[in-house]
Amino acid sequence: MDYGHAVAFGVFITPTNAAPRAPVALARLAEQVGLDLVTFQDHPYQPAFHDTWTLMSYIAAQTERIRIAPNVLNLPLRQPAVLARSAASLDLLSGGRLDLGLGAGAFWDAIEAMGAERLTPGQAVTALEEGIDIIRGIWDTDARGGVRVDGRYHRATGAKRGPRPAHPIPIWLGAYKPRMLALTGRRADGWLPSYAYLQPGRLADGNAAIDEAAASVGRDPREIRRLLNVAPASGTAGWVEQLATLALEDGESVFIVATDDPDVMRLVGDEVAPAVRELVAAERARTGTGTAPVRSAAALAARRAGIAYDDVPAGLAAVEPGDFRFGAVRSNYLRGGDPGIVLEPADAAQVREALAFARRHPSLPLGVRSGGHGVSGRSTNDGGIVVDLRRLDAIDVLDERARRVRVGAGARWTDVAAALGAHGWALSSGDYGGVGVGGLATAGGIGWLAREHGLTIDHVVAAELVLADGTVTRVDADSDPELFWGIRGAGAALGIVTSFEFVVDAVGDIAFAQFAFDASDAAGFLERFGTAVEAAPRILTPNLFIGGRRPGQPRVAQVLSLVDSDDPDEIVAALQPLADIAPLLQQDVRLQRYADVMGNASTEPHRGRGEPVSRSLLVDRLSPGFAADAAVLLDSGATHWFQVRAVGGAVADVAADATPYADRSANFSVIAMGSDDAELDAAWAPLARHATGAYISFESKLDAERLTLAFPTATARRLRVLKARVDPDNVFRDNIDLALLRP
Ligand SMILES: Cc1cc2nc3c(=O)[nH]c(=O)nc-3n(C[C@H](O)[C@H](O)[C@H](O)COP(=O)(O)OP(=O)(O)OC[C@H]3O[C@@H](n4cnc5c(N)ncnc54)[C@H](O)[C@@H]3O)c2cc1C
């Protein structure tokens, strides 16, 4: 039976240490002649051989492309949890080039002499299965808790998981006897025997045993790749025919030639491999045998109802539950998610395709995700579709003199800051580099340079977006000015922005200051902070965090500030009035680049769980009444995180009707995070009375009341008209549901 896998060729090199680098030179040659795989036998009790891991690691560093595998590893002498980490490390270091051949053990006298327990063949198979459980458990960093395997021969009692390999490392078993073949069918990704050890007909028998075992646990036999160690044959034509027959009749798809002869390697690379591939391809074309990768039965079972998975357009990357990468793309920074499919378009045309796919599933939730830091809009979901824009992350300078740049929606602000910093420029975004461009630049963008340079949206001069009906359009002040207005504050409700054009600012070295204050008198402290900020020059933008009461200790407030100056006198003059508002517990001021401040982003995949709970408002002044109500909230226990950010300054230079972000007169943005919606609502209510507006990005519950606060009457009227034109079916309701706006 032909299982339809692509045909690959490898080589089996003797790991001799007589001429220590000889195997390395052969591995490099194998890569040069175009082979796919280089493999090594593993006999740790054999002093004439290199240690297999050390050799493979060295070769990984000396090669670029070729895959590397032990053929096969002696598990009795390899502690499974350590082996799993070694394999994951080598996979990460080599860019995902490791495959793992495993064996139950042979040469037991030598194994026992090395200190391991002698096992019967049956026991060794059981031990191998336990080892596989541990290895896969260590690699499974998406699972919760430690690895627990209570085996007879191998145990793990809560071992930490990780590292996660760079790719799903396949486990191939060197199997000959029924128990090993059955294990291969049930648990492995490949069968790797040596042809010389198989009696005639045993290949077909082995395949049948594996297929039966696979079917017994609901697996598709095509999930198991068939690999074969073969000896070189004399006569190219006959060899080609033999291998092609093995591929077409016995389903063998990876041929590993046992040789240390450079000429044989060249012959395989130059002549045998291309000829076998051609013969196999021709026969498959004639019989209509497909070569598409097989989705495992387990992955198919993980699919969610109501999604036409087979209709994803060709070429559009998609990640499904059950895929290796799913754990890295399912959730957001703060919010847990379990979508049915994550589409990863690479350009605007593919965003259009992804959106069309989503629109063919009108009843499913739709998330549009750039950086996944959304507090409000739902850029991930449960059982729905996510259009993830991470691949649209290009940052291009369009006009050096005008400081005009184009940035893909999927870029992160840390990368934008680094790219602009190289030109002596900066674009005020937010306080955290991990946040995505798309979510922030469609909503507002309250950042470290806000008082001097305004909001991020104030720097947008054009944008490309895909509308609900699939139209790809570029908007600016002249081309569809109303839509251009709308995307600068309510963009998430109007379409999918694929890129923004910004005019950015010239920013040199800046000062970043961190003050810790004794803020025991919380209300007084907030008032004094407000007064100092309002009186401060625009080059100063502070950001205040204040905590709850702590028994026996002063309440601490932390103020982080950016001063856009590299002149020490000017910096001190800007900061001194702020430093005087309360007893200073700690201070740190350093000259650095804006890009350094924004370099604070994690590169780890998002692992958010649950739903964020936050309330926010904009307010003109931190009045005595506001400060008193804030102090009560701080002591209520309903919030674990309370922040006051400075806006005002250049933000207020922009007219209220210039963007949907309308409350331009506010000097402060206030945010509280909690863990219980109702509890936070109750504690927040007194503070909410002071609100003059709202910023949608800091609010986890965008209901009618909050949307109406963010988008006052005149703004709401314009948004309703715009929405009716560009998204009459409310396709983007999961981001911001403008239908909730009160008429
Ligand atoms: C740790 C942290 C720090 C933050 N700091 C700041 C800050 O300093 N200043 C500030 O203003 N905000 C800040 N925020 C809030 C942040 O601006 C918003 O959450 C923003 O929406 C996140 O953008 P994103 O692309 O990362 O999020 P995502 O979760 O990807 O998107 C958020 C929302 O925007 C929509 N969206 C995303 N991309 C697009 C697009 N290309 N076109 C249309 N709609 C899109 C999504 O559908 C979703 O509704 C912070 C958030 C976090 C979690």
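Two strands are taken to pair if DSSP finds at least two bridges between them. The structure examined in these exercises is a predicted model.

**Exercise 1. Determine which strands pair with β28, and in which sense.**

Step 1. Strand β24, residues 540–546, is joined to β28 by three bridges. With a requirement of at least two bridges, β24 and β28 therefore count as paired. The two strands run antiparallel. Within this pairing, Phe545 has Gln643 of β28 as its bridge partner.

Step 2. Strand β29, residues 668–674, also pairs with β28 in the antiparallel sense, over six bridges. Here Phe642 is matched with Ala672 in β29.

Step 3. As for solvent, β28 (residues 641–646) is mostly covered, five of its six residues being buried.

**Exercise 2. State the strand order of the open sheet of nine strands and identify its edges.**

Step 1. The order is β3-β2-β1-β11-β10-β9-β8-β5-β4, and the pairing is parallel.

Step 2. An edge strand here pairs on one side only, a condition met by β3 (67–70) and β4 (73–74).

Step 3. At the β4 edge, two bridges connect β4 to β5 (residues 100–103), and these strands run parallel. In this region Asn74 stands opposite Gly103 of β5.

**Exercise 3. Locate helices α2 and α8 relative to the strands they meet.**

Step 1. Helix α2, residues 52–62, packs on the sheet and touches β2 (37–40), β3, β4 and β5. The direction of α2 makes about 175 degrees with that of β3. Angles over 145 degrees count as roughly antiparallel, so α2 and β3 are roughly antiparallel.

Step 2. Helix α8, residues 236–250, lies across β1 (8–12), β10 (225–230) and β11 (254–258). The angle between α8 and β11 is about 140 degrees.

**Exercise 4. Describe how helices α5 and α6 meet, and the character of their contact.**

Step 1. The axes of α5 (residues 121–139) and α6 (residues 178–187) come within 10 Å and cross at roughly 20 degrees. An angle under 35 degrees counts as roughly parallel, and α5 is therefore roughly parallel to α6.

Step 2. The crossing of α5 past α6 is right-handed.

Step 3. From α5, the contact draws on Pro121, Gly122, Val125, Leu128, Glu129, Ile132, Asp133 and Arg136. From α6, Arg179, Met180, Leu183, Arg186 and Arg187 take part.

Step 4. Sorted by type, the residues of this contact comprise six nonpolar, one polar and six charged.

Definitions and conventions. Residues numbered from 1 in each chain as written. Predicted model: local features only at pLDDT ≥ 70, side-chain atom pairs only at ≥ 80, totals over all residues. Heavy atoms only, no water. Helix = DSSP H or I, 4+ residues; strand = E, 2+ residues; numbered from the N terminus. Contact = heavy atoms within 4.5 Å. Axes fitted to C-alpha atoms, helices over the stretch in contact; angles between N-to-C directions. Parallel < 35°, antiparallel > 145°, perpendicular 65-115°, else oblique. Left-handed = near helix turned anticlockwise from the far one by under 90°. Nonpolar A, V, L, I, M, F, W, Y, C, P; charged D, E, K, R; others polar. Buried < 20%, exposed > 50% of the residue type's maximum accessible area, 1.4 Å probe, protein only.
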